[in-house]
Amino acid sequence: MNKKVSIRLLKTGVPGLDNLLGGGLPEFSFNLIAGSPGSGKTTLAHQIMFSLASPTNHALFFTVLGEPALKMLRYQQQFSFFDINKVNKSIRFVNLSVDLLEGNLERVLSRIAEEVKDYAPGLVFVDSFRSVVKLARQKERGESELQRFIQQLVMKMTNWQATTFLVGEYLTSESESNPVSTVADGILRLSQNLHRNSVVRKIQVVKMRGQSQSPGLHTFRISNEGIQVFPRAIINRDATIGAAMNISTGQERISMGIPGLDEMLGGGLPVGYSLLVVGPSGSGKTILATEFLAEGVRLGEPGVIAAFEKSPSQLLNTKLYALVKAGQVGVINTRSLDMSLDETLHDLIEMIDRTQAKRVVIDSLSGFELSLAPEFSEDFRGSLYRMVAELTGMGMTIFMTTELEDRYTDLRFSPFGSAFLADAIIMQRYIEIEGQFKRVLSVVKVRGSGHSKDIRLFDITDEGIIIGEILTGYVGIMSGRPTVADFNQNNPVIGIGGGNE
């Protein structure tokens, strides 16, 4: 062979799947779609078929199930990808159940060959291929006959130059030991797991010859549009290192939109940083986030907010209403309680690309954890790490909020032990002065930069957040109780609550 063969990749028409496959399905490849009952195998096969079938690229779909093809089509027609005009024109359905029941694999192979020769398809599907396997194993010399049948089928498909899909209800152990797995060019495995009250669907590209696929398990959903895959966020180390170098060498900063806060941060928040704002309920975290987005709009930097605690209708009662209505801030509704991190990240990136956003708000991490399916919330720290790394790698400046239970005896910045992910931290808290609760804030850290160490009073007014004077006096924690060791007589501090959240 003196000339390198170029293999054409076929776009599957399944959102997110081509990314997993390394660009698409290799033309003329021999593929296995495996999974448990109800995992979405037939839906995936139909979605690929209807996307690729055309008057010049016919598709044959063989069914070896006990139910007739009409029953299967009745349900598949409910998906938006189903095109009735392609049936019996670009797509032909053939039922092999009668041939299979006769128990002659040669007859089944002969029937497939006859149909393929007559229709000249570019796509061939056999569902469910496991029925053929079961029949062979029930017979004497079944394994050897099955092996010969598969080898003959593969050779015929290769000669026919058809891209082939065998669909089967295989468990992991079965698909690994099955002879189909040995000869298949590509293997897709689907699963459906019940975790507490949430159903999580996942897909894995076990192998795909000749190209680099995305490893690991990836979540997907089945909706009225069909299957949508959400590729797992994989941290790009080079991009992360590059972003860190840009942050450390170039200190371009953005304004927070609140007079006095930029000075406390050392001149503003560095571009590409992740900021964590910590405070008790009602301390003004969301209002601070709103000012952050509004300032971005004023400077020509659109923003996106993922609201995990408030619905869009609740957010529209604030200053965000005008920004959202004008299309300057995108709002992602994340009220579903069985999401995955990858689905959330997919929606964020999609809206970032659409709005050309520079600023991202996640309000709040506490609500984010609750919105995830239990399987994902159990590894929330790792999930959050991947999300932050992906977004900052894109050059986004991230504003995150989190709420913690008031505690007087310790100092914490996150319930997840994930404060280390933040490049900067602003802490909000309540204090009691002369019988009234007052709000104060301080900058805890700004990575690689000097910042104010002051604790400052602030008010929330109709005009937004107004930062006031420096809190004078020394407040300590002794024996689990807030105490005042010294204080300014003009501004007596009677007690401090919560330290932070």
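**Close-up views of a predicted model**

**View 1. R359 is buried, with a relative accessible area of 1%.** Buried means under 20% relative accessible area, exposed over 50%, and partly exposed in between (1.4 Å probe, protein chains only). The model is predicted: local features need pLDDT of at least 70, side-chain atom pairs count only at pLDDT 80 or more, and totals for chains, interfaces and linings use all residues. Residues are numbered from 1 along each chain as its sequence is written, and side-chain values use heavy atoms, with hydrogens and water left out. R359 sits in strand 17 (residues 359-363). Strands (E, at least two residues) and helices (H or I, at least four) are DSSP runs, numbered from the N terminus.

**View 2. Surroundings of R359.** A polar atom of the R359 side chain lies 3.0 Å from the backbone oxygen of S255. Beyond neighbours within four places in sequence, R359 contacts (heavy atoms within 4.5 Å) residues including I254, F292, E295, E301 and T397.

**View 3. Two sides of helix 3.** Helix 3 spans residues 69-76, and A69, M72, L73 and Q76 are buried there. Seen down the helix axis, these buried residues fall within an arc of 100°, so they line one face of helix 3. The arc is that of the directions from the helix axis to the C-beta atoms. On the other side of helix 3, L70, R74 and Y75 are exposed. The buried residues of helix 3 pack against helix 2 (41-52), strand 4 (59-63) and strand 5 (91-95).

**View 4. L9 in strand 1.** L9 belongs to strand 1 (residues 9-10). L9 is partly exposed, with a relative accessible area of 33%.

Notes: Polar contact = N/O pair within 3.5 Å; in protein donor to acceptor, adjacent residues only side chain to side chain.
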